[in-house]
Amino acid sequence: MSQRMQGQPMIVMSEDAQRVKDKDAQEHNITAARAVADAVRSTLGPKGMDKMLVDSMGDVTITNDGVTILKEMDIDNPTAEMIIEVAETQEDEAGDGTTTAVAVTGELLKNAQDLLEQDIHPTAVIKGFHLASEKAREEIDNIAEQVDTDDEDLLRKVAETSMTGKGAELNKEALSQIIVDAVRGVTVEDTVDLEYVNIETQTGRAAGESELLEGAVIDKDPVHDNMPTSVGDAKILLLNEAVEVEETDVDTEVSITDPDQLKSFLDREEAQLKEKVEQIKATGANVVFCQKGIDDLAQHYLAKEGILAVRRSKKSDIQFLREVLNVNIVSDLDSASEDDVGTGSVTRDDADELFYVKGGDDAHGVTLLLRGSTDHVVDELERGITDALDVVAQTVSDGRVVSGGGAIEVELASRLRDYSDSVEGREQLAVEAFADSLELVPRVLAENAGLDSIDTLVDLRAAHEDGDKRAGLNVFSGDVEDTFDSGVVEPAHAKEQALSSATEAANLVLKIDDIISAGDLSTDKGGDEGGAPGGAPGGMGGMGGMGGMGGAM
Ligand SMILES: Nc1ncnc2c1ncn2[C@@H]1O[C@H](COP(=O)(O)OP(=O)(O)OP(=O)(O)O)[C@@H](O)[C@H]1O
Ligand SMILES: [Mg+2]
């Protein structure tokens with residue numbers, strides 16, 4: 001080996017490693033990113049279709065939600081994962097607009113690729129995109145309309161726009177009212193705290209029967225038949241300790257030699273349980289929601305005391321009850337006192353087998369009880385509702401909204417084209433490419449609605465040239481109209497967020513000119529997850545990576 005090294009480039013990477021450089025690296029990355037963007041495009045807008053995702057366990061998700069699709073897709077490509085992060089950031093920061101953010105990222109990269117092919121240096125593209133994104137954010141603020149956050153009518157429209165095209169759409173009138181009421185219920189002086197909104201789902205009834213309830217809904221049964229099921233003047237204890245015999249730390253073996261010994265052993269256990277029930281009683285509680293187990297015998301004692309007890313409550317339910325009742329969660333009965341008990345009421349809904357728990361006068365917290373015929377229906381309903389809650393909350397706290405149906409994007413594109421005149425050098429082309437990328441939104445909205453996307457864009461541009469800032473596409477009629485008036489309204493913040501994360505992700509991808517991978521770039525890391533069929537080096541792992549560097553270097 002040492003002789004052969006003379007005059008040869010030194011190989012510092014392992015034989016399995018792959019390296020792709022310069023144009024090839026950019027092409028590889030852009031292709032991967034665009035593949036991800038293309039995967040969600042068809043779901044954009046009211047006429048977007050849904051996707052059915054089947055995971056490796058055979059569980060099925062049917063959804064229109066961009067971020068959900070990408071998270072479930074089991075993508076195993078580092079660049080593609082960066083694009084998924086765009087969707088995740090959008091979900092965290094804005095709650096809605098994940099499909100838009102990803103689709104725009106893909107389009108930015110597609111247009112960047114054209115520029116790179118014209119030998120424009122990536123740094124010029126990056127700089128131009130950055131300038132355009134800054135300008136676009138500024139213009140969103142100029143275009144956005146400040147609305148009265150008490151305007152329920154408008155808030156309902158914001159909720160409906162976000163629900164359109166999702167499972168929630170069919171009942172959007174009823175649901176948008178519930179959402180607006182929920183947000184109002186947790187708003188104090190324009191500060192919205194969605195922590196106080198809990199979502200509970202139930203299958204078996206129609207989505208239109210969903211309702212908003214004050215306080216919490218607990219989907220559990222009492223532990224014992226002889227317990228009260230409804231308690232009007234409830235003193236409620238939240239417990240995170242098992243009402244069971246305490247297990248010894250060490251495994252002890254008790255060998256019993258005569259019946260008396262057995263009896264005293266059992267007596268001791270009984271006394272311990274009785275003691276715990278006494279402690280509960282001493283706090284004054286007549287209702288206990290326990291996150292852990294309750295022993296059969298303890299259940300019996302509790303029933304005898306007339307205390308309603310529920311065991312193995314969900315952690316999230318207990319935490320929400322803490323907010324509703326404004327009490328502590330007790331994790332050690334030895335130190336529990338009257339102060340740990342919250343007042344309120346507990347009502348049993350026998351038909352649905354639910355408890356409704358309301359807090360006292362100073363209580364806050366509401367529950368959206370979502371209903372749907374099957375699990376798949378309620379799950380998609382819940383995703384649509386959480387998006388709508390987020391956008392309504394944003395509108396209440398921020399007050400700025402823009403017109404949807406592509407109106408904001410076309411207006412921004414037109415302003416960016418004007419702005420590009422003032423940009424020097426190659427960057428100007430990148431600003432124009434950025435403007436073109438924004439118009440992807442109305443194009444795809446049209447495409448998904450079966451309309452001619454070029455005609456639509458021409459009409460939209462003409463309307464905006466005439467100064468009609470709110471001209472967007474009505475996907476149902478195919479007409480260009482004032483979408484603000486027709487109620488297609490979205491929070492400005494979500495659009496700003498979508499543009500900045502799309503730009504950052506695109507620029508991140510464009511800046512890479514060298515990919516050095518410890519393994520093969522095109523296949524699964526795991527191997528047994530049934531990656532792409534025909535994924536090239538099937539037996540590579542076992543064969544010691546022979547020829548691993550061949551194609552790449
Ligand atoms: N009635 C409507 N007419 C025209 N366009 C509409 C209408 N309702 C919504 N839109 C547009 O649809 C787009 C939003 O579509 P969609 O909700 O499928 O994607 P998203 O919000 O980007 O992502 P996701 O909801 O999956 O997180 C926005 O551009 C919005 O303006
Ligand atoms: Mg949406």
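Author: Helices (H or I, at least four residues) and strands (E, at least two) are DSSP runs, numbered from the N terminus. Here there are 17 helices and 20 strands, and glutamate 353 sits in the loop between strand 13 (341–349) and strand 14 (354–359). This is a predicted model, in which local features need pLDDT of at least 70 and side-chain atom pairs count only at pLDDT 80 or more, while totals for chains, interfaces and linings use all residues. Residues are numbered from 1 along each chain as its sequence is written, and chains are lettered from A and ligands numbered from 1 in the order in which they are written.

Reader: What is the phi of glutamate 353?

Author: Most residues other than glycine have a negative phi. Glutamate 353 has a positive one, near 55°. Aspartate 22, which belongs to helix 2, also has a positive phi, of about 50°, without being a glycine. Aspartate 119, just after helix 5, has a positive phi of about 65°.

Reader: Is aspartate 22 buried or exposed?

Author: A residue is buried if 20 or more other C-beta atoms, placed from the backbone, lie within 10 Å of its own, exposed if 12 or fewer, and partly exposed in between. Aspartate 22 has 10 C-beta neighbours inside 10 Å, so it counts as exposed. Glutamate 353 is exposed because it has 11 such neighbours inside 10 Å. Aspartate 455, in helix 16 (residues 453–465), is exposed with 12 other C-beta atoms within 10 Å. Over the whole protein, buried residues make up 45% of the 553 residues.

Reader: Which residues of helix 2 are buried?

Author: Helix 2 (residues 22–41) has 20 residues and spans 28 Å from first C-alpha to last, close to the expected 28 Å; the expected span is 1.5 Å times one less than the number of residues. Its buried residues are Gln26, Asn29, Ile30, Ala32, Ala33, Arg34, Val36, Ala37, Ala39, Val40 and Arg41. They pack against helix 3, helix 4 (78–93), helix 5, helix 6 (122–143), helix 15 and helix 17. Two residues are in contact if their C-beta atoms, placed from the backbone, lie within 7 Å.

Reader: How many residues of helix 5 are buried?

Author: In helix 5, 15 of the 20 residues are buried, so the helix is mostly covered. Helix 5 (residues 98–117) reaches 29 Å from its first C-alpha to its last, close to the 28 Å expected at 1.5 Å a residue.

Reader: How is the protein divided into domains?

Author: Domain bounds come from an automatic or database domain assignment. Here that gives domain 1 (20–145 + 403–515), domain 2 (153–215 + 368–399) and domain 3 (216–364). The C-alpha centres of domain 1 and domain 2 are 26 Å apart, and 23 residues of domain 1 are in contact with 20 residues of domain 2. On the domain 1 side, the elements giving two or more residues are strand 3 (60–63), strand 19 (489–491) and helix 17 (492–510). Strand 3 has the largest share, four residues. That side holds nine nonpolar, ten polar and four charged residues; Ala, Val, Leu, Ile, Met, Phe, Trp, Tyr, Cys and Pro count as nonpolar, Asp, Glu, Lys and Arg as charged, and the others, Gly among them, as polar.

Reader: Where does ligand 1 lie?

Author: Domain 1 and domain 2 both give residues to the shell around ligand 1, so the ligand lies between them. A residue is near a molecule if its C-beta atom, placed from the backbone, lies within 6 Å of it. Of the 27 residues around ligand 1, Thr98, Thr99, Thr100, Gly404 and Gly405 come nearest. The elements contributing two or more residues are helix 3 (66–72), helix 5 and helix 15 (440–448), with helix 5 giving the most, three. Eight residues of the shell are nonpolar, 15 polar and four charged.

Reader: Which element has the lowest mean pLDDT?

Author: pLDDT is the predictor's confidence in each residue, from 0 to 100. Helix 1 (residues 2–5) has the lowest mean, 52, and helix 13 (residues 407–420) the highest, 98. Over residues 523–553 the pLDDT is below 50, and beyond near neighbours in sequence this stretch has 30 contacts in the model. Where pLDDT is low, the predicted coordinates should not be read in detail. The average for the protein is 87, and 91% of the residues score at least 70.
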